[in-house]
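Biologist: Could you walk me through how to read this fold, one feature at a time?
Modeller: Gladly; let us open the structure first.

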Amino acid sequence: MCGIVGIVDVGGASFPLYYALFALQHRGQESAGITTYDGEGLRKHKAQGLVAEVFDESVLRELEGTVGIGHVRYPTTGAKIPENIQPFNVTYRDRKIAIAHNGNLVNAAELREHYAQRGQIFCTTTDTEVIANIIADELRKSSDITDAVLLCMKRLRGSYSVVMLVDNAVYAFRDPLGIRPLCIGETDRGYIVASESVAIDALNGRFLRDVRPGELVCLTGSGIRCMQIAVANHRAHCIFEYIYFARADSVLDGRLVYEVRRNIGRYLYEEQPVPADIVSPVPDSGIAHAIGYAEGSGIPYREGLMKNRYMGRTFIMPTQEARENAVRMKLNPVRGHIAEKSVVLIDDSIVRGTTSRRIINIVKEAGAAAVHMRIGSPPIRSPCYLGVDMPTQEELIASGRECDAVRESIGATSLHHVSLENLIRAIGMDEADLCTGCITGCYPMAIRKEKCAERVVDFVAGSYQSHLATFEKETSQDS
Ligand code: AMP
């Protein structure tokens, strides 16, 4: 989980990058960074904290240049150390390169070992640096970026949406299975490539299309070029992006996330209706699902919990007791809506179960007669290796437990998860084009000793330059 953006803007890239990262803040709150190219060299600023904490106006004015990339980080691999904050900048011969990545490589350790043996030096513990090293290594053999990206992609296994600044151009590429999102937009003064369409909206831009799985795009002041580098027999878009991770107002691979969540809510009602007085979301992650449930059931939608949106990570909680009570600082019950009522309480997912247990407790203490918990994902029983921070199998409350045992553990009157079948229906894609690893334990590529339904990937051969088509040509063919 991370958010990435690359921008070309004739008026200067730093402020648009800042606005775009702000729109992607939900994808990572640990740190933020921007690198621009000022015509001679790279300028960078990165630090721990939220986007609005890391940058101020004077910092953004220092980040001169009409091209740049940015990143918000939520660590899945690599320690929380300053060296791991992205983008990473490297100079290779006379080329200035910066790189930022969203995803997780499953063969990062092997690759790191291989390149370390050959004498390459690693300064961080992230797999993003592995990608940067492979690109630099390939550029040693050929100065062509498309060759370097192709050869790099052939070595990578896992999920990766990458933005890369090479002198005055922004390159972006997406893994052949399209696991993490990436899309392209146009603004009045240039172009943007970003993890989610909300970043394009933040610049008042026009959404053009998603970066295709296995595609490389190049943004410069004179336009967009694109090239299909790899094609897989099936995709593997992450279902958890739709369930929880992406913003509800984003459109991912052609689906409005809000709509998917509302559909899930309707299915939750159809699958297991229950007589109740109100339908209430766990804010904010359960709101769209709860609206769908209320629409499907006709049961009134009422907010039973109000969220204090100003409680950031820096809120002082010196003791364990204070941390355990943090949920009370964040969520306060609306007693008048809940007391003596039978409540259908809706959240997107249960991972460890800690949040649900605490929230159900708050609702019960506010006098609810019954708490019927409804969850917008099937039980999560397996860890994610492909970029979502999901704990080990042992920490997942649904792992090795039946639904009723989970219900008892979290203290709900009843508990129901949406079925995988209806979740897939709500997303509206073929199951073979989705990664359902966290639910089924079957992954779209070979990972350790896990089960897999491996996708077959073909790489485009021959002279890559000849495959470059102008973006305009491609979109007119599409339409
Ligand atoms: P818990 O069951 O206590 O682990 O918390 C699950 C809740 O946290 C869900 O309802 C989501 O809203 C949210 N959530 C789900 N997955 C993640 C994640 N990987 N990182 C942070 N929050 C998450």
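What follows goes from the whole chain to one strand and then to one proline.

Biologist: Where should I start, and what secondary structure does the protein chain have?
Modeller: Start with the overall picture, and keep in mind that this is a predicted model. The protein chain has 18 helices and 28 strands. Its radius of gyration is 23 Å, close to the 23 Å from the globule rule for 479 residues, so the chain is as compact as a globular protein of that length. Along the principal axes, the C-alpha atoms fill a box of roughly 70 × 50 × 45 Å.

Biologist: How much of the protein chain counts as buried?
Modeller: Of the 479 residues, 57% count as buried. The accessible surface comes to about 19,700 Å², and carbon and sulfur atoms account for 48% of that. For contacts, look at separation along the sequence: among those between residues at least 6 apart, 68% join residues at least 24 apart.

Biologist: And how are the charges placed in the protein chain?
Modeller: There are 53 positive and 59 negative side chains, and the centres of the two sets lie 2 Å apart.

Biologist: Now a single strand, please. Which way do the side chains of β7 point?
Modeller: The general idea is that side chains in a regular strand alternate between the two faces of the sheet. In β7, Gly158, Tyr160, Val162, Met164 and Val166 point one way, while Ser159, Ser161, Val163 and Leu165 point the other way. Both sets are buried, and for the strand, residues 158-166, that makes nine of nine.

Biologist: Which strands pair with β7?
Modeller: Strand β6, residues 95-105, runs antiparallel to β7 and is joined to it by nine bridges. Strand β8, residues 169-174, also pairs with β7 in the antiparallel sense, over six bridges. Met164 is a handy residue to follow: Ile99 stands opposite it, and in β8 its bridge partner is Tyr171.

Biologist: What connects β7 to β8?
Modeller: The two strands form a hairpin with two residues between them. In that turn, Asp167 has a positive phi of about 50 degrees.

Biologist: Let us end in a loop. Is Pro379 buried or exposed?
Modeller: Pro379 sits in the loop between β22 (370-375) and α15 (403-410). Its relative accessibility is 16%, and the cut-off for buried is under 20%, so Pro379 counts as buried.

Biologist: Which residues does Pro379 touch?
Modeller: Leaving out residues up to four places away in sequence, Pro379 touches Ala398, His417, Cys438 and Ile439.

Terms used: Residues numbered from 1 in each chain as written. Predicted model: local features only at pLDDT ≥ 70, side-chain atom pairs only at ≥ 80, totals over all residues. Heavy atoms only, no water. Helix = DSSP H or I, 4+ residues; strand = E, 2+ residues; numbered from the N terminus. Rg over C-alpha atoms; globule rule 2.2 N^0.38 Å. Buried < 20%, exposed > 50% of the residue type's maximum accessible area, 1.4 Å probe, protein only. Contact = heavy atoms within 4.5 Å. Areas by Shrake-Rupley, 256 points an atom, 1.4 Å probe, with all protein chains shown as cover. Lys, Arg positive; Asp, Glu negative; His and termini not counted. Charge placed at Lys NZ, Arg CZ, Asp CG, Glu CD. Pairing = 2+ DSSP bridges.
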